[in-house]
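Open your viewer and get ready to click along. Each stop below tells you what to select and what you will find there.

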Amino acid sequence: MSDKIRKIEGITKESTQAMIDEALSVYPEKARKKRAPHLAPNDAASGCASVKSNKKTVPGVMSARGCAYAGAKGVVWGPIRDMVHVSHGPVGCGWYSWGTRRNMMSGITGVTNFAMQFTSDFQEKDIVYGGDKKLKTLLAEAHDLFPLAKGISVLSECPVGLIGDDINSVAKTSAKELDIPIIPCNCEGFRGVSQSLGHHISNDTIRDYIIGTREFAEPESPYDIALIGEYNIGGDAWSTKPLLEECGLNVKAVWTGDGELEKIAATHTVKLNVIHCYRSMNYMCKVMEEKFGIPWIELNFFGPTKIKQSLRALAELFDDNIKAKVEAVIAKYDPIMQGIIEEYKPRLDGKTVMLLVGGLRPRHTIGAYEDLGMDCVGSGYEFAHTDDYDRTAPEMPDATVVYDDPSEYEFEKFADTLKPDLIGSGIKEKYVFQKMGIPFRQMHSWDYSGPYHGYKGFEVFARDIDMAINSPTWNLVKAPF
Amino acid sequence: MSNLLELEVKKIVETPPEEIERVKNWINTEEYKEKNFARQALVINPAHACQPLGAQLAAHGFEGTLPFVHGSQGCASYYRSTLNRHFREPAPAVSDSMTEDGAVFGGQNNLHEGLENAYSIYKPKMIAVFTSCMPEVIGDDLTAFIKNAKQKKCVPAELPTPYANTPSFNGTHIHGYDSMLVSILQTLTEGKQVEGRCTGKLNLIPGCDFNTGDYREYKRLLKEMGVPVTVLADISDTFDSPCDGSYHIYAGGTKLEDAADSINGKATMTLGPYSTPKTFTWIKDNYSGKHVSMPLPMGIAKTDAFLMKVADLFGKEIPESIRNERGRAVDAITDSHQYMHGKKFAVYGDPDYLMGYVSFLLEMGAIPHHILCSRGTKKIEKDLQALLDGSMYGKGCKIHMNKDLWHLRSLLVTDPVDAVIGDSHGKFAARDAQVPLFRFGFPIMDRVNKHRYPLVGYQGVVNMVTEICNKFIDIKDETCEDQQFELMR
């Protein structure tokens, strides 16, 4: 949490509300009423959500949201590298989500990692007669062709739930026959209001089918931790895991970036869960706390200020040995980070940024921008809940606009009014704003760059933000004639 | 812990390195290939997407048109982001966000609310509605729903609202393209046929083609020929719009009045026989003028055929400028044939593209050794075989119908080629086989500006031959022994 309430010159609660009202003025009455509570000026002092969230998307407004399947396949299950993830249903969902999240994996593709697209490619007859038989056959085929796969997830697409297939029963039978975990995940895209329910359903299946079914071979240590909600986008986990290890901790499992099924299954024996993306995995932290008594702590690995605070908060939970190591790590990286700030801050000081992303980034990255001298003038999420917005309020300057599941029209209008120097959002938004001449970075995928997490990530982040904002190409947008 | 699978709780065992090594080698064997080709149910790395993606592409080809996905909202986000990544352009589309209650009560309420909102906010001239899985499975009646929407005044009665059923569990993106296109044309041309009227124009249907350069190339060639044209559906400005500091949600597309008047055209030609069969059949039954189906004009001979057919239809001479252009393209290929002659290729993609790649390769004296079509019919197989049979370089080439890119990988490692042609998804197989991938298909998500370089026409030949030959020369320069490294190639 930031120490004091910050203000942005020219932005007041009144000016922000006027901007919101103006954007909604073209909406039909009913849609306007539905959207209005999702848009509000930030109330930094309250430390509470100023907007409603996790409600149904208003039809036809052009939301950026995805679906439960996307949350299950793309976010939670997909990054586990040593499993075959079957997109069960028609060909499209798996194809669109194939290799498009940038959750990087080690290993050999097709041998020890399975960063591929597995699908049952439903045809008309599968809809009519059901797909359970096909599923049973394909599970055996997958096991046969990929003998080193540690397990298989079955991720249902819309038709599976609608035609009443029983994937749970097929998974159970096949798991016994093949003697590998086969996890059925009823994450049909029509369930819930966004990706978020897909995260929750996936967490529940980990709880029901995975956790506690393996044990680490080596003896336990008081420094055993798991890193939860770290998806290794652009290699993030390859920055954060070594950092935590440098602090003297044993990272026994990463959920689920570059993840390994068996290590995830044995996580119930760790001493602490460190969670980064709270939205997508807080459920499992709470389950492990209740069932196994494992405490958890939510940290932020973006930018040196937040990293330092996070590492110290972490050290508080351990003995003097770890505290000393953490201080040594901070002392080692502080001057390096200072060097980066000295290089980039002069070019970025006072610049403004607007964010619209998913899980944690609309709040967690704000500190990293501030380290570079930038101000966040608007932030929002595709699929957040009230607890996310509660956590966001103190991070944002007062009275800046908060938007929940904004339509493209609203986002465009806000950007047009606020004229930020940078927008951080997704691929669907990127080219809209670049046409407007506004520098943009994809903040889901790190725009094919990364890592952005940890000390290693801040150097890349700072370079990319500077590159986006200060590229000379933007000077050529307006023709001189 | 629930352990619902009731499997034994075990200690974690790391896979031994020698076992990893064994499997790594095994997946490159003939034995593995046979096992892989024996698959009955599992599809791995398919080379096709689903129908609604193609439907959205067709919708983007018309002026002021908002694509509208009737179904789950995640579907729309997937189609949009795929188009964004390929073109590096916006791809605005809305969805009516059907959820569980839609499964119970049907999607009419969502559709009506969605239409009203989309119309008020985005002010389209046309809304093109197409479906994803959910309404198709539950059996939503689009005809009735849209009629009711107009009665309820969700959108004005006069707003064109073509709609297409595009189930994802049937066909591929090319079939969705066809269904949406024919519906748009049916809607726009209704009542527009005028006895005795002739626009004097060619209606050109490029088919489900994701290369904006191709569309511009057609328009340039026809302008050169002096043949006025209406392109149905023209995505060239939609997905290749200027960056000038302003965003226009509808950046391009065929003018609706031109599309409406296309029913009175002098001639209608499809260049996507495999991606527009429904559209073309309907046009034959309903459009004035002549109707011609031609293959995608990739390669010299197919470009010749295209231009001669246009000349014939419009009673025009092919101008000197185009003759010279052809001569320059032929100059380019004769100058560089030695770098491609006898080289073996594996190609995969949509049928229209495949026919084009194969014709082009055969013209160059290259060998389209593996031809893989991930969803195809006996007719496509027969047409491909006829192409192969027409050239000595087609001898022994193999067509693999209804196979995926994991099959392709097995082919590349057991029966190797020098290069692969296809979309970005083939990069994994190509890397494992240590051969270059030429990205000529859709989607291309890992190279810039490829969609701006036409593959059709004479210019397309120059573009393809330049890219391919220079890559082969690069490889030689990068991999040859020092004593073989020389100035000239």
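Start by selecting B:Val420 and B:Leu437: B:Leu437, in strand E15 of chain B, is the bridge partner of B:Val420. Keep in mind as you look around that this model is predicted.

Now widen the selection to the two strands. Strand E14 of chain B covers residues 419-422, and three bridges join it to E15(B); the two run parallel. In general, strands of a sheet pair through backbone hydrogen bonds, either parallel or antiparallel.

**The five-stranded sheet of chain B**

Zoom out a little. E14(B) and E15(B) belong to an open sheet of five strands, and the order to trace with your cursor is E13-E12-E11-E14-E15, with parallel pairing. Which strands sit at the edges? Select residues 398-401 for strand E13 and residues 437-439 for strand E15 of chain B: these are the edge strands, each pairing on one side only. Look along the sheet and you can follow its turn, as neighbouring strands are rotated against each other by 20 degrees on average, direction ignored.

Next, add residues 378-389 of chain B, which form helix H16. This helix packs on the sheet and touches E13 and strand E12 (367-373) of chain B. The direction of H16(B) makes about 165 degrees with that of E13(B).

**A four-stranded sheet, also in chain B**

Move on to another open sheet of chain B, in which four strands are arranged in the order E4-E3-E5-E6 with parallel pairing. Its edge strands are E4 (94-95) and E6 (163-164) of chain B, each with pairing on one side only. Between these edges, select residues 65-70 for strand E3 and residues 126-131 for strand E5 of chain B: six bridges join these parallel strands. For a close-up of E3(B) and E5(B), show B:Leu66, which stands opposite B:Ile127 in E5(B). As a general point for exploring any sheet, the side chains of a regular strand alternate between the two faces.

**A crossover to follow**

Select residues 267-270 (strand E9) and 290-293 (strand E10) of chain B, which pair in the parallel sense over four bridges. B:Ala267 stands opposite B:Lys290 in E10(B). How does the chain get from E9(B) to E10(B)? Trace the path through helix H12 of chain B, residues 277-286; this β-α-β crossover is right-handed.

**The domains of chain B**

Colour chain B by its domain assignment: domain 1 is 51-189, domain 2 is 202-241 + 250-318, and domain 3 is 325-479. The centres of domain 1 and domain 3 of chain B, taken over C-alpha atoms, are 34 Å apart. Each of these two domains brings seven residues to their contact. On the domain 1 side, helix H4 of chain B (residues 73-87) gives the most, with four residues. By class, that side has two nonpolar, four polar and one charged residues.

**Across to chain A**

Now colour chain A: its assignment gives domain 1 (13-62 + 334-476), domain 2 (68-192) and domain 3 (224-329). In this chain, 26 Å separate the centres of domain 1 and domain 3, taken over C-alpha atoms. Their contact takes 22 residues from domain 1 of chain A and 21 from domain 3 of chain A. Which helix gives the most to the domain 1 side? Select H20(A), residues 454-470; it contributes five residues to that side. Domain 1 of chain A meets domain 3 with nine nonpolar, 10 polar and three charged residues.

Next, show residues 304-315 (helix H13) and 320-348 (helix H14) of chain A: they pack at an angle of about 170 degrees, with axes 9 Å apart. That angle makes H13(A) roughly antiparallel to H14(A), because angles over 145 degrees count that way. Display the side chains in the contact, including A:Leu311 and A:Leu314 of H13(A) and A:Val326 and A:Ile330 of H14(A). By class, this contact has nine nonpolar, no polar and three charged residues.

**Where the chains meet**

For the last stop, show both chains together. Here 91 residues of chain A are in contact with 74 residues of chain B. The chain A side has 48 nonpolar, 20 polar and 23 charged residues. Finish on strand E6 of chain A (residues 214-215) and strand E1 of chain B (residues 10-11), which run parallel and are joined by two bridges. Click on A:Glu215, and you will find B:Lys11 of E1(B) standing opposite.

Methods. Residues numbered from 1 in each chain as written. Chains lettered and ligands numbered in written order. Predicted model: local features only at pLDDT ≥ 70, side-chain atom pairs only at ≥ 80, totals over all residues. Nonpolar A, V, L, I, M, F, W, Y, C, P; charged D, E, K, R; others polar. Pairing = 2+ DSSP bridges. Right-handed = clockwise from strand over helix to strand, strands pointing away. Axes fitted to C-alpha atoms, helices over the stretch in contact; angles between N-to-C directions. Parallel < 35°, antiparallel > 145°, perpendicular 65-115°, else oblique. Domains from an automatic or database assignment.
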